[in-house]
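Open the model in your viewer and keep the selection box handy. We will hop from one selection to the next and look at what sits there.

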Amino acid sequence: MDRSQKLLSIRPLISSAKIVPNMTEEERFQNQTLRPILKLQNDLLLASFENYIKKMKNTFYEFKLEKRMNYITKSIQKDIKFRNSLKGMITGQFTIEEYGVYIQNSSALNKRMMNMVIKRLQDQIQYFGKLELV
């Protein structure tokens, strides 16, 4: 098996990620490539954000839920180094063919990718520790 076949063989199937004829190229790439890769890389994405929290002196844990959600968004949008690290965790799982599609429209696909990462981290916010109930 070559690299592409191996990468594709370890990706989880996502039954809700439908591919239909009238989809845009970006939607198709999102459902066919990004969703499975994000699911595959989920534990690494969580560990990476947990490490980011520690590097930022654990201020995340001082916030209530809404501020934590904003913290996730701002961290990924504003910290270019961190965002590039996350991007590398995802793009490193592309096949050569997928990379060819990606470089044709990397700006729009990067935006989709980071929005998906933000949503994924926010949806699993309980992973990062308990909130004080007030």
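This tour visits charged pairs, a helix contact, a loop residue and some aromatic rings.

**Before you start.** Keep in mind that this is a predicted model.

**Stop 1: charged pairs.** How many salt bridges does a search of the whole structure find? The search gives three.

Begin by selecting Arg11 and Glu98, whose side chains form a salt bridge at 2.6 Å, N to O. Arg11 sits in the loop between α1 (3–10) and α2 (25–40), while Glu98 belongs to helix α6 (residues 96–104), so this pair ties together parts 87 residues apart in sequence. Are the two residues buried or exposed? Both Arg11 and Glu98 are buried.

Next, pick Glu26 and Arg112, where the salt bridge spans 3.4 Å, N to O. Here too distant parts of the chain are linked: Glu26 is in helix α2 and Arg112 in helix α7 (residues 106–123), 86 residues apart. Glu26 is partly exposed, with a relative accessible area of 23%, and Arg112 is partly exposed with a value of 23%.

For the remaining pair, select Lys119 and Asp123, which meet in a salt bridge at 3.0 Å, N to O. Both lie in helix α7, four residues apart, or about one turn of the helix. Colour by accessibility and you should find Lys119 partly exposed at 48% and Asp123 partly exposed at 47%.

**Stop 2: the loop before α6.** Select Gln93, in the loop between α5 (80–91) and α6. Gln93 is buried, with a relative accessible area of 17%. Now show its surroundings: leaving aside residues up to four places away in sequence, Gln93 touches Leu7, Ile10, Arg11, Ile37, Leu40, Gln41 and Glu98. You will recognise Arg11 and Glu98 from the salt bridge at the previous stop.

While you are here, add Gln5 of helix α1 and Thr95. Their C-alpha atoms are 8.3 Å apart in space, although the residues are 90 apart in sequence. Gln5 counts as partly exposed, at 43% relative accessibility.

**Stop 3: where α6 meets α7.** Show both helices as cartoons. They pack at an angle of about 105°, with their axes 5 Å apart. That makes α6 roughly perpendicular to α7. To see the contact, display Val101, Tyr102, Ile103 and Gln104 of α6, then Ser106, Leu109, Asn110 and Met113 of α7. What kinds of residues make the contact of α6 with α7? They divide into five nonpolar, three polar and no charged.

**Stop 4: aromatic rings.** The structure holds 14 aromatic pairs. Try Phe49 and Phe128, an edge-to-face pair with 5.1 Å centre to centre and 75° between the planes. Phe49 lies in helix α3 (residues 42–55) and Phe128 in the segment after α7, so the pair ties together parts 79 residues apart in sequence. Phe49 is buried at 0% relative accessible area, and Phe128 counts as buried at 2%.

Compare that with Tyr99 and Tyr102, a tilted pair at 6.0 Å centre to centre and 35° between the planes. Both lie in helix α6, three residues apart, about one turn of the helix. Tyr99 is partly exposed at 41%, whereas Tyr102 is buried at 8%.

**Last selection.** Highlight Phe49, Tyr52, Phe60, Tyr61, Phe63, Tyr71, Phe82, Tyr127 and Phe128 together: ring pairs link these residues into a cluster.

Note on methods:
Residues numbered from 1 in each chain as written. Predicted model: local features only at pLDDT ≥ 70, side-chain atom pairs only at ≥ 80, totals over all residues. Heavy atoms only, no water. Salt bridge = Lys/Arg side-chain N within 4 Å of Asp/Glu carboxyl O. Helix = DSSP H or I, 4+ residues; strand = E, 2+ residues; numbered from the N terminus. Buried < 20%, exposed > 50% of the residue type's maximum accessible area, 1.4 Å probe, protein only. Axes fitted to C-alpha atoms, helices over the stretch in contact; angles between N-to-C directions. Parallel < 35°, antiparallel > 145°, perpendicular 65-115°, else oblique. Contact = heavy atoms within 4.5 Å. Nonpolar A, V, L, I, M, F, W, Y, C, P; charged D, E, K, R; others polar. Phe/Tyr/Trp six-rings, centres within 6.5 Å; stacked < 30°, edge-to-face > 60°.
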